[in-house]
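Trainee: Could you take me through one part of this model in detail, namely the way its helices pack against one another, and place that part within the whole? I would like one connected account rather than a list.

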Amino acid sequence: MKRILILFSHPAIEKSRVNKVLIDSIKDIEGITVNDLYEHYPDFYIDIVREQQLLQLHDIIVWHHPFYWYNAPALLIEWFDLVLQHGFAYGMNGRALEGKKALSVISTGGQPEVYSETGKHHYTINEFLVSFKQSAILCRMEYLPPFVIHGSHTITRGEIIEYAEKYKKLLLNLRDEKIDYDKLSEMEYFNELYK
Amino acid sequence: MYNQDLFFQALIYLAAAVVSVPLAKKLGLGSVLGYLVAGIIIGPFILGLVGKNTDKVMHFAEFGVVLMLFVIGLELKPSLLWKMRKSIFGLGGLQVLITSIVIAAVALAFDFQINQAIGIGLILALSSTAIVLQTLTEKGLIGNTAGRSAFSVLLFQDIAVVPILAIIPVLATLSGAEIIESSELNNISGFAALSGWLQLLIIVAAISSIIILGRFISRYFFRIVAETGLHEVFTALALLLVIGIALAMDRIGLSPALGTFIAGVVLADNEYRHELETTIDPFKGLLLGLFFISVGASLNFKLFIETPFTILGYVVLLILLKFIVLIILGKIFRLRKGYEFLFAFLLAQSSEFAFVLISFYKQSQLFTSEISELLLLIVILSMAISPLLLIFNDKAISPLLARWQNKMEYEEVEEPENPIIIAGFGRFGLVVGRLLLANGFKVTIIDSNPTNVEILRKFGFKLYYGDVTRPRVIEKAGIKNAKLVILSMAEYDDAVKVADFIRKNYPKVKIFARAKDLFHAFDFFNLNIKTVQPEVFHSAAELGEMVLTSLGFSKYEAYKATRTFKHHEEQVLEDLYELWKTDKKHFIQESRRFSEQLSETLQAEKNYSIHETDCAWDVTTIIEEAVSKNESDKTDKYV
């Protein structure tokens, strides 16, 4: 069994439609730790020691957040700055994360087609996520294809619940090592595994 | 030894004060009563240690009143005084006028001649500045509504002494008695003999010269003397100033106390104000004490023993008359919720001015010596009783009124559903309450200070007057279904009691508490209440943040350092609590409370380093690694 750490970052959970349902659906599951960053560090005073310990105790690291300005909310960026220290996460002696897997779970208002060369945003989601990917690689981790919720402002309640179920299934499969990683590596999104 | 007698007298007075005042304080009676009792004990009718010259001592010690008004003036800015003009002239003027008339009428009924009756009325209408102000300062009441009003009245009475003295010759002629020339009276009547316009001119000139002297010239003197660095010279200058003004005022027939008060007010904006205050304060305290002792010592028990009930009857009658006039005036001038009672009890005695006035009236043969003796006894007894009146008000009237008012207030309150209760709505609770209201939460506020209740209601807050320590009050406010209770009151010990009560009877209600300091926070921790906020920590830390910025930290650096420090404090609090639980002996020594706290927290600081927790954005190790790599690359190349 693999242990999964969800680094959940949402600065206004009280206004959330999608992520609230998603995060609620995966609470209290054995092997899955939800670490709500904004709840723990409202003043951005991140407990570095605690965060590093959590990272070491888990095999799969999930960055779960809404996609703001093609990026993560400020606190998660701060988390990268503070927690992934040189000598811990990267550098010659920074091998604490070596061999772990990293995954982005994001929600975005745009539909898939606007994230393309010809679309409004000109780049694909994976192109935008390249900094996460390379960060994972720098830390000697394997970066998995992202799990993406498109059209978050307009999808129905039913669709949200569907996403939540997929999310839960995905995590359980990761936990129980029931993932065909070869197949997954050819996919653009993690979602495609559960079509 | 030179002048052994003087020193022996001093020994007795000082010993009496040192023994009796702490004792009286311990019994909760206040220092004034302590001094008075000390005076009675050393006086001619009990120990007889002093006697012959108590009058002289008293006259000398009256100067304490002058000093006191100077010090009070120092604390009163002119702008504040201007605000009080209505109550000084309205309330004060009416008090003197009506009380004089009422007492004179009663005196007439006792078969005094008309001019005597007027004299008695005027003399007994005044109240004791010394006793009232001493009590107000001691109890910290000088700032409250009743205290302010009482002070206004006293101030007017000081002004009124001038016409009361001036009227003596007129009253005396009315009786047809021959005026005996006395040196002291000569001054007054000499001044009074001048035409009205001239008198007014002299008074205006005197007061303006005080103002000019105080405002523009005095600071040069103060500076020159302060620059000598000799503190005793400054003391001499301060005393010189006060004595000089007192004498000048006396000369032109104004009350010396009034003159020095004006001087004090003028100097209230002066940069040497604090220095002056601390210099004059011990003299003021000692002289006032001496004054009260001599009042006690000059009680004429012989006269009292002859007809005790008649005299007591007079005293009670006097106090009753004054009290009734005062309470009616208090009501008219919008004193409410028990303040009118405090105001009336404060001023119900007679004044030390009476001693002076009675002797003048006697000299002008307006009073026979029997009348003077009787009046003096009544005045002194009323002064001696007045501290007791205040105790009576504190212990009997106030609680009774509070209970009665609670009943009234609570009938309006319908029990709110699931209320958020804030107990104590002063400086602290106000902020908590505003934050909640601003975010759309309705709160039930309980406060025991009636003035706050009135003001805040005016601004639309839901506020109830009540003593939260009484179970009924907190139950009525809806504790049973309350979401949570915020104990933001400044009565720290009471807050713990209330918390304990709620914990025991309503264990589900969450409690949030304001703590005075670490130990107070621990009291809450003991009740398993961890949502506690030490009251000054955060504002102090944030001021510190400003200081860090001005010392060259960037804004964000200062912010981070302060934030780290705040989180560190939470840890300190927890660690110290653990230590406290295991080793209470080490801590609890009430008098050493702060120093214990200081040494323990500073000890914790020793192990604190901001750099341990703040290595973010630190590139030292990256540089080191890069450098070492370069080195090895180079070696590779040249191998």
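Mentor: In this predicted model, 34% of the 195 residues of chain A count as buried. Chain A has 8 helices and 6 strands, and from the N terminus on its elements follow the order β-α-β-α-α-β-α-β-α-α-β-β-α-α. Among the contacts in chain A with a separation of 6 or more, 79% are between residues 24 or more positions apart.

Chain B, which holds the helices to be looked at closely, has 639 residues, of which 37% count as buried. Its secondary structure comes to 31 helices and 6 strands. For the contacts in chain B with a separation of 6 or more, residues 24 or more positions apart account for 71%.

The part I would single out is the packing around helix H15 of chain B, residues 273–297, beginning with its partner H4(B), residues 63–74, since the axes of these two helices come within 8 Å and cross at roughly 150°. An angle over 145 degrees counts as roughly antiparallel, and H4(B) and H15(B) are therefore roughly antiparallel to each other. The crossing in which H4(B) passes H15(B) is left-handed. On the side of H4(B), the contact is made by B:Phe63, B:Gly64, B:Leu67, B:Met68, B:Phe70, B:Val71 and B:Leu74, while the residues from H15(B) include B:Arg273, B:Leu276, B:Ile280, B:Phe283, B:Leu287 and B:Phe291. By class, the residues of this contact of H4(B) with H15(B) divide into 13 nonpolar, 1 polar and 4 charged.

A further partner of H15(B) is helix H13 of chain B, residues 231–251, and these two pack with their axes 10 Å apart at an angle of about 85°. Angles of 65 to 115 degrees count as roughly perpendicular, and so H13(B) and H15(B) are roughly perpendicular to each other. Their contact joins B:Phe234, B:Thr235, B:Ala238 and B:Val242 of H13(B) with B:Glu275, B:Leu276, B:Thr279 and B:Ile280 of H15(B). Sorted by class, the contact of H13(B) with H15(B) has 5 nonpolar, 2 polar and 1 charged residues. B:Leu276 and B:Ile280 of H15(B) thus appear in the contact with H4(B) and also in the contact with H13(B).

One residue, B:Phe70 of H4(B), helps to connect these pieces. Leaving aside its neighbours within four places in sequence, B:Phe70 is in contact with B:Val242, B:Thr260, B:Phe261, B:Ala263, B:Gly264 and B:Ile280; of these, B:Val242 belongs to H13(B) and B:Ile280 to H15(B). In the largest nonpolar core, which has 122 residues, B:Phe70, B:Ala150 and B:Phe343 touch the most other members. The largest share of this core, 11 residues, is given by helix H9 of chain B, residues 145–166. Apart from this core lies another, of 50 residues, among them A:Val18, A:Leu37, A:Ile125 and A:Ala164.

To place chain B beside its partner chain, 8 residues of chain B are in contact with 9 residues of chain A. On the side of chain B that touches chain A, the elements giving two or more residues are helix H27 (555–582) and helix H31 (620–638), with H31(B) supplying the largest share, 3 residues. By class, that side of chain B has 4 nonpolar, 2 polar and 2 charged residues.

Conventions
Residues numbered from 1 in each chain as written. Chains lettered and ligands numbered in written order. Predicted model: local features only at pLDDT ≥ 70, side-chain atom pairs only at ≥ 80, totals over all residues. Axes fitted to C-alpha atoms, helices over the stretch in contact; angles between N-to-C directions. Helix = DSSP H or I, 4+ residues; strand = E, 2+ residues; numbered from the N terminus. Parallel < 35°, antiparallel > 145°, perpendicular 65-115°, else oblique. Left-handed = near helix turned anticlockwise from the far one by under 90°. Contact = placed C-beta atoms within 7 Å. Nonpolar A, V, L, I, M, F, W, Y, C, P; charged D, E, K, R; others polar. Core = buried A, V, L, I, M, F, W, Y, C linked by C-beta atoms within 7 Å. Buried ≥ 20, exposed ≤ 12 C-beta atoms within 10 Å, placed from the backbone.
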